[in-house]
Amino acid sequence: MANLKDIRNRIASVRSTQQITKAMKMVSAAKFRRAEEAILQNRPYSDKMLEVLSSLALRTEEEAHPLLERRDPRRVCLIVFTSDRGLCGSFNASVLRSAERFLREKGAEYEAVPLYLVGKKAVDYFRRRDAEIIGQKTELFGKVTYGEAQTIARDVIERYTNREIDLVYMVYNEFRSALSQQVVFDRLLPVEPMPVDPETSTTEYIYEPSEEYMLNWVLPRYVEVRMFRALLESTASEHGARMTAMDSATNNATEMIARLTLKYNRARQEAITTELMDIVNGVEAMR
Amino acid sequence: MAQQRFRLEVVTPQRLLVSDEVDEITAPGIEGEFGVLPGHTPFLTALGVGELMYRIGGEEHFLALRHGFAEVQHEKVTVLAEEAEFPSEIDLSRAEAEKAEAEAELQRLSHESREYAEAQAKLERAVNRIQVASRHLR
């Protein structure tokens, strides 16, 4: 028979855990809304950027800029986006699994697959493994700023133009809805312009100072924006995933408390019955 | 006043600042300030550091702008700025502090270093923010 006091303590402990998960869920919900808002605010900028970039690229040669140039990929860089903190369901695990699979399946095709890690979880995971890490960035998911994205993007661009890496992919959780995220692979470099139908791209612009100047200006910015976008998506996904995880944790706790309460009452009843039996027996014996 | 207006949108990576029908704008192009009235020839230009003015009726609005580009179309002008702020959002004392900091760095650094150019950009930005803020703060 389980000790009554033990069960009582256990119920109290589950209840206080439940309070924490409930609070975390609420906090994540608020952060999630903010992150979602940030994505929506960013969308007009990145959409317009791609549009302008594509119409610029259409008018220039592929070799016009190193960031457009395709090279024979020998060293392929993988940028892995995870979170700094845990307790967010399969959020980190699914990104890390995808990255790991890429290393295993495609690793042999290239000379090397250096990693650029974003978030503590990725750093913890790959540090213990045999992987080449060329850069890492942690402790930024509290609030993602454009400046952070810029720093990472510039670092990656520099390595790319130095021919240290020939192809860059980003792997991150893309935000679908509060409940669902999906791991996506996105090519960051070389930049791939959107195919533009020359018929529909209506306006012939006058470029000032020149097309080359504009292209030189826009391309790195576009990479920064893509980086920023991936960070935003990843952040929104993280909070969404944590919200869902904490919600089910709270529900599980409720269930557990119900089960324990039942057990507690049963044990209590059993104790009373035993006591009663003792008394009855005692009375019988005295007769 | 049945005047023809055109749409102005100002966006940064962080947010959409302006989406309005306006009568006129002037913007800090990289090769000098330019003005746009309805029906302007389409063009695309890089923007420097400076002040963007847009007029709706008799009312003039201002923004402190730092780098970006403007796409001018017949009925619409889109400004993509790396950074843009309304004068009311600028913290003057902080901008002054940044200016002082940048000036100190310029004193210290050699002229060829990369940091020197960065400090110069920082100074330029701070000065612009101070100008825009103090000129238009009501």
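What follows is a chat about how some labels in this predicted model are earned.

Biologist: Let's start with chain A. What is its make-up, and in which order do the elements run from the N terminus?

Modeller: Chain A has 5 helices and 6 strands. From the N terminus on they go α-β-α-β-α-β-α-β-β-β-α.

Biologist: How do you know how chain A compares with a compact globule of 287 residues?

Modeller: Set the two radii of gyration side by side: such a globule would come out near 19 Å, but chain A has 28 Å. The C-alpha trace spans about 115 × 40 × 30 Å along its principal axes.

Biologist: Why are H4(A) and H5(A) called oblique to each other?

Modeller: Helix H4 (residues 146-161) and helix H5 (residues 211-286) of chain A pack at about 125°. Roughly perpendicular covers 65 to 115, and roughly antiparallel needs over 145. The 125° angle fits neither class, so the pair counts as oblique. Their axes are 8 Å apart, and H4(A) passes H5(A) in a right-handed crossing.

Biologist: Which residues meet there, and what makes up the contact by residue class?

Modeller: On the H4(A) side, A:Tyr146, A:Ala149 and A:Ile157 are among them, and H5(A) brings residues including A:Pro220, A:Met227 and A:Leu231. By class, the contact divides into 10 nonpolar, 1 polar and 1 charged.

Biologist: What does the open sheet in chain A look like, and why are E3 and E5 of chain A placed at the edges?

Modeller: The sheet has 5 strands in the order E3-E2-E1-E4-E5, with mixed pairing. Strand E3 (133-137) and strand E5 (181-189) each have a single partner strand, so one side of each is left without a neighbour in the sheet. Neighbouring strands are turned by 20° against each other on average, direction ignored.

Biologist: How do you know that E4(A) and E5(A) pair?

Modeller: Pairing takes at least two bridges, and strand E4 (residues 167-175) has 8 with E5(A), running antiparallel. In this pairing A:Phe175 stands opposite A:Gln181.

Biologist: What makes H4(A) roughly antiparallel to E3(A)?

Modeller: H4(A) runs at about 165° to E3(A), and over 145 counts as roughly antiparallel. H4(A) lies across E2, E3, E4 and E5 of chain A.

Biologist: On to the two chains. How many residues does each give to the contact, and what is the mix on the side of chain B?

Modeller: Chain B gives 20 residues and chain A gives 19. The side of chain B divides into 10 nonpolar, 7 polar and 3 charged. E5(B) supplies the largest share of that side, 4 residues.

Biologist: How do you know that a strand of chain A pairs with E5(B)?

Modeller: Count the bridges again: strand E6 (residues 206-208) of chain A has 3 with E5(B), running parallel, where at least two are needed. A:Ile206 stands opposite B:Phe43, and A:Glu208 stands opposite B:Thr45.

Biologist: Which strands of chain B are joined to E5(B), and in which direction do they run?

Modeller: Strand E3 (residues 24-29) of chain B is joined to E5(B) by 4 bridges and runs antiparallel, with B:Gly29 opposite B:Leu47. E6(B) is joined to E5(B) by 13 bridges, also antiparallel, and here B:Thr45 faces B:Ala70. The hairpin of E5(B) and E6(B) has 2 residues between the strands, and B:Gly57 takes a positive phi near 60° in it.

Technical notes: Residues numbered from 1 in each chain as written. Chains lettered and ligands numbered in written order. Predicted model: local features only at pLDDT ≥ 70, side-chain atom pairs only at ≥ 80, totals over all residues. Axes fitted to C-alpha atoms, helices over the stretch in contact; angles between N-to-C directions. Parallel < 35°, antiparallel > 145°, perpendicular 65-115°, else oblique. Left-handed = near helix turned anticlockwise from the far one by under 90°. Contact = placed C-beta atoms within 7 Å. Nonpolar A, V, L, I, M, F, W, Y, C, P; charged D, E, K, R; others polar. Rg over C-alpha atoms; globule rule 2.2 N^0.38 Å.
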